[in-house]
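Dear colleague,

I am handing over the structure we spoke about, with the sequence alongside it. Please have it open while you read the notes that follow.

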Amino acid sequence: MPAPEPPANGYTRRDSVVLGFFALAAAAMSTGCATDKLALDEFVQKHFKDLSGDELKDRLAQMEKRYSEEYGKSVKVSATPPLPGVLFGYALDLSRCIGCRRCVYGCVEENNLSRDPQTHWITVLEMDKETGVDLRHADAYYDHETVPHPGKFYMPVACQHCENPPCVKVCPVQATWKEPDGIVVIDDDWGIGCRRCLAACPYGARRFNWGKPSIPPDELNPNTEYLGNRPRQRGVVEKCSFCLQRTRKGLYPKCVEVCPVGARKFGNLLDPDSEIRYIIENKRVFILKDELNTQPKFFYYYGL
């Protein structure tokens with residue numbers, strides 16, 4: 001399929017899009033290469049929620065092939081749906097957290113975050129015990145030989161998976177949305193990199209890939225999800241997904257699993273017998289920026 005000749009007065013933005021389509025289509029038709037076909041499919045793809053069962057199956061297979069070739073190992077890409085009757089919630093005990101950042105690096109390994117440049121979905125803030133929670137004077141870059149440091153306490157912050165998420169409202173292409181189980185997800189292939197969601201999030205929980213993410217092949221977690229921890233590309237926004245590749249299969253998020261002091265709790269808010277419901281109903285609970293009415297499903301509490 002030949003590409004159209006350039007106009008004499010130069011290209012417009014629309015011309016560039018059309019030419020990109022012709023170039024991708026020509027490459028896919030001339031080479032028959034699966035990578036070129038995937039690039040073409042991504043260029044003209046449907047929204048994730050509009051894919052039929054067969055279309056989704058085909059797309060997952062293409063992704064598995066591409067990632068397996070790129071990383072030299074077998075990579076699985078799933079699209080596990082939300083569990084019925086489940087609304088996920090998270091609780092973090094501020095009186096137990098010691099600021100060790102094991103949650104940060106457990107998250108990096110589990111969710112295939114870039115090592116160079118480094119990307120972290122969790123930021124651990126250090127604050128003074130005397131002044132209490134004071135985000136204006138929090139230190140995200142503390143570097144002590146040992147933790148907890150005398151006179152300090154620690155407050156990890158990630159996506160709050162709001163019931164009323166401002167990041168979702170501002171997305172002009174609906175590339176991010178709230179799932180029935182409460183998880184706010186992103187379709188990396190549908191986003192346009194405008195970063196409106198990043199600006200709208202009052203918790204600073206979203207990250208933009210200014211550079212090409214880099215993961216050593218031997219460190220890639222091969223068990224991935226379409227809306228979760230599959231490898232991401234340059235120019236897209238990413239964030240915590242409550243480890244949906246684990247939690248929709250009955251496992252805890254990785255940050256909960258690696259916490260050495262049991263400061264993190266996770267469960268079903270709809271289950272009256274769950275540990276998280278007990279915490280919310282019986283402990284001194286603190287909601288970050290409660291005044292904004294974002295209604296986070298991430299709760300801080302004081303267990304001791």
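**The four-stranded sheet and its surroundings**

In this predicted model, four strands come together in an open sheet with mixed pairing, and their order across the sheet is S10-S2-S12-S11. The edges are formed by strand S10 (264-268) and strand S11 (284-286), each of which pairs on one side only. Averaged over the sheet and with direction ignored, neighbouring strands are turned by 30° against each other.

At one of these edges, S11 pairs with strand S12 (residues 298-302) in the antiparallel sense, and three bridges join the two strands. If you would like a place to start looking here, Phe286 stands opposite Tyr300 in S12.

The sheet also has a helix lying across it: helix H9 (residues 275-282) is placed across strand S2 (88-93), S10, S11 and S12, and H9 runs at about 110° to S10.

As for the protein as a whole, there are nine helices and twelve strands, and of its 304 residues 45% are buried. When contacts with a separation of 6 or more are considered, 64% of them are accounted for by residues 24 or more positions apart. The exposed surface of the protein comes to about 15500 Å², of which carbon and sulfur atoms supply 53%.

Please bear in mind as you go through these notes that the model is a predicted one.

With best regards

Notes
Residues numbered from 1 in each chain as written. Predicted model: local features only at pLDDT ≥ 70, side-chain atom pairs only at ≥ 80, totals over all residues. Heavy atoms only, no water. Buried < 20%, exposed > 50% of the residue type's maximum accessible area, 1.4 Å probe, protein only. Contact = heavy atoms within 4.5 Å. Areas by Shrake-Rupley, 256 points an atom, 1.4 Å probe, with all protein chains shown as cover. Pairing = 2+ DSSP bridges. Axes fitted to C-alpha atoms, helices over the stretch in contact; angles between N-to-C directions.
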